[in-house]
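Work through these exercises with the model open beside you. Try each task before reading its solution.

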Amino acid sequence: MDSAKASDELTALPEWRALAQHRDRLGDLELARLFEDDTRRAERLALEHDDLLLDYSKNLVTEETLGLLVALARARGVPARIADLFAGEHINASEDRPALHVALRAPAERTLEVAGSDVVSQAHGVLARMASFCEAVRSGAWLGYSGRRIRHVVNIGIGGSDLGPRMACRALAAYTDTDLQVHFVANIDADDLGGKLAGLDPAETLFVVCSKTFTTEETLANAHAARAWLLGSLADEGAVARHFVAASANLEAAGRFGIDPALCFEFWDWVGGRFSLASSVGLSLMLSIGPERFREMLAGMHSMDEHFRVAPLEANMPVLLGLLGAWYVGFYGVSSECVAPYSEALADFPAFLQQLEMESNGKRVSETGEPLAHQTGPVVWGQSGTRGQHAFFQMLHQGTRWVPCDFIGFARGHARVADHQDRLMANLFAQSEALAFGHTGSPEQSCPGNRPSNTLLAPLLTPRTLGQLVALYEHKVVVQAAVWGINAFDQWGVELGKQLAGRIRQEIEAGGVSEGQHDGSTRALIERYLAQRDPGD
């Protein structure tokens with residue numbers, strides 16, 4: 001297939017052209033008018049599944065828009081992509097493997113064979129080993145090398161091996177064991193590891209090294225530094241096996257590090273890092289909240305998986321979220337979207353979604369490698385409300401560019417402080433209303449409104465609810481990738497910077513820049529660093 005033809009494949013579709021013509025006919029669609037003309041709009045454009053309610057009525061769409069978007073989804077093979085995902089087909093084409101994160105949270109009685117092996121059974125085998133280990137640590141039956149109880153867990157990872165469990169531990173803090181503190185180290189900046197280790201006692205500290213390949217530079221550098229810190233106190237190589245465990249697909253490399261093979265909790269090449277929270281990457285989370293709560297999170301994920309698998313497209317929550325996002329990117333020129341959870345426990349959720357969505361769908365070529373003429377994944381950003389209201393909501397309300405928003409809120413909070421939950425939720429509802437309908441006043445006070453948003457509501461942030469939210473956005477990624485014609489499960493763009501960093505690091509170690517290897521700016525910056533760095537480095 002020639003690249004010119006491939007690049008126009010989406011926009012040449014009759015379903016795409018129908019949407020483009022429809023967009024022209026809509027003109028300056030007004031949310032206020034849509035609600036005036038249809039008193040049941042909020043009721044009709046809402047969808048409930050399990051704990052989650054999605055209100056998508058404040059979007060710049062009509063019933064015709066939604067029908068045309070669903071038609072586009074069918075034309076782009078979204079139903080087949082969903083079926084392939086759950087069947088274990090090799091939908092990660094560039095790496096020739098399936099993306100089977102859904103198998104990690106399937107019930108034990110399910111089976112799914114890939115290359116002659118039942119991956120559901122494999123996942124539950126690892127889950128059982130994780131549970132046994134976590135119960136031993138949490139109960140005090142598992143002791144450190146000096147015979148003392150583990151009081152601190154330090155998760156060492158990066159990307160999906162950090163963002164998922166870090167986000168979930170904060171989100172589910174109300175369910176944590178207060179006798180066991182969990183910390184996260186991801187940055188190769190020495191201040192990250194050094195700051196976390198300051199004040200910890202090696203005899204009471206357990207490290208969880210999360211790396212699928214057990215070769216990730218940042219993770220291994222931090223792991224080796226932590227190992228040296230431990231041995232500096234305990235002074236016996238045998239201590240490593242009592243204070244280090246691993247979540248990895250490379251059990252051999254973890255063993256060479258000194259980790260007991262029985263404490264290497266496997267995950268597989270069919271689990272992408274940003275989709276790996278339900279795998280052994282979630283070990284630190286399980287240590288924090290316990291195996292039973294972890295299983296509740298898996299059950300929530302599976303509930304959303306089943307909804308995604310069987311619900312019709314027009315009543316399918318991940319499909320609708322994905323199509324609405326694609327509508328704004330493709331027909332309004334939108335380049336970013338905001339996520340505003342009105343829950344401080346979910347403060348890390350926007351950062352988690354940044355990797356999930358932008359590493360998945362930040363692609364400029366099709367699944368078969370041809371350049372694309374249409375836009376793909378937008379920039380994802382956000383912050384917890386109400387803090388975001390005093391940071392960037394000014395731009396959302398009165399800026400020259402508008403940004404679709406997802407609001408996430410809960411009817412109840414875990415902490416009860418005066419009327420704080422009422423105030424919090426009043427702000428959520430007010431912000432979505434103000435964005436949609438605006439305010440007329442003096443030029444500097446006027447807010448134009450007509451700025452779209454979705455609102456997700458649940459009774460309480462529980463492990464099950466969190467599982468549903470994570471799976472919802474995971475599947476949104478799959479839908480948009482199918483529409484845009486890209487592979488959501490590889491990330492080759494991450495590799496170039498790593499390769500260049502390796503070469504530059506060799507030059508730094510040698511104390512000089514190789515002739516002709518860099519542009520003038522990069523060369524000058526390296527030389528400046530060499531002149532100013534700590535002489536002890």
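**Exercise 1. A strand with two partners**

Which residue stands opposite L457 in β13? Use the answer to trace the pairing of β1, β2 and β13.

Solution. Keep in mind that this is a predicted model.
- Step 1. Start at β13, residues 453-458. The residue opposite L457 is L53.
- Step 2. Check the direction. β2 and β13 run antiparallel and are joined by 3 bridges.
- Step 3. Turn to the other pairing. Strand β1 (residues 46-49) and strand β2 (residues 52-55) are also antiparallel, with 4 bridges between them. Here L53 in β2 faces E48.
- Step 4. Look at the turn. The hairpin of β1 and β2 has 2 residues between the strands, and D50 takes a positive phi near 55 degrees.

**Exercise 2. The parallel sheet**

Give the strand order of the open sheet with 5 strands, then find its edges.

Solution.
- Step 1. Read across the sheet: β6-β5-β7-β8-β9, with parallel pairing.
- Step 2. Find the ends. β6 (181-185) and β9 (264-266) each have a single partner strand, so one side of each lacks a neighbour in the sheet.
- Step 3. Note the twist. On average, neighbouring strands are turned by 20 degrees against each other, direction ignored.
- Step 4. Zoom in on one pair. β8 (residues 244-248) and β9 run parallel and share 3 bridges. S248 sits opposite E266 in β9.
- Step 5. Add helices. Helix α9 (residues 190-197) lies across β6 and β7 (205-210), at about 165 degrees to β6. Helix α10 (residues 217-234) also packs on the sheet, touching β5 (152-156), β6, β7 and β8. The direction of α10 makes about 160 degrees with that of β7.

**Exercise 3. The nonpolar cores**

Which residues touch the most other members of the largest nonpolar core?

Solution.
- Step 1. Recall the general trend: in soluble globular proteins, nonpolar side chains tend to be buried together.
- Step 2. Name the residues. They are F133, L287, F349 and L466, in a core of 125 residues.
- Step 3. Ask which element gives the largest share. Helix α19 (residues 463-484) does, with 13 residues.
- Step 4. Take L287 as an example. Leaving aside residues up to four places away in sequence, L287 touches F133, C134, V137, R138, V153, L180, L206 and V208.
- Step 5. Look beyond this core. A second, separate core has 25 residues, among them I156, A203, A223 and A246.

**Exercise 4. Two cysteines**

Why is there no bond between the sulfurs of C169 and C210?

Solution.
- Step 1. Count the disulfides. The structure holds 0.
- Step 2. Check the distance. The closest cysteine sulfur to that of C169 is in C210, 11 Å away, so it is too far for a bond. A disulfide needs the two sulfurs within 2.5 Å.
- Step 3. Check burial. C169 is buried, with a relative accessible area of 9%. C210 is buried too, at 1%.

**Exercise 5. One helix up close**

What span is expected for helix α5, and what does the helix reach?

Solution.
- Step 1. Count. α5 (residues 63-75) has 13 residues.
- Step 2. Compare. At 1.5 Å a residue, 18 Å is expected; the helix reaches 19 Å from first C-alpha to last, which is close.
- Step 3. List the buried residues of α5: T65, L66, L68, L69, V70, L72 and A73.
- Step 4. Find their partners. These buried residues pack against α2 (14-26), α6 (78-87), α15 (317-331) and α19.

Conventions:
Residues are numbered from 1 along each chain as its sequence is written. This is a predicted model: local features need pLDDT of at least 70, side-chain atom pairs count only at pLDDT 80 or more; totals for chains, interfaces and linings use all residues. Side-chain values use heavy atoms; hydrogens and water are left out. Two strands pair if DSSP finds at least two bridges between them. A nonpolar core is a set of buried Ala, Val, Leu, Ile, Met, Phe, Trp, Tyr and Cys residues joined through side-chain atoms within 4.5 Å. Buried means under 20% relative accessible area, exposed over 50%, partly exposed in between (1.4 Å probe, protein chains only). Contact means heavy atoms within 4.5 Å. Axes are lines fitted to C-alpha atoms, for helices over the stretch in contact, and angles run from 0 to 180 degrees between N-to-C directions. The expected span of a helix is 1.5 Å times one less than its number of residues.
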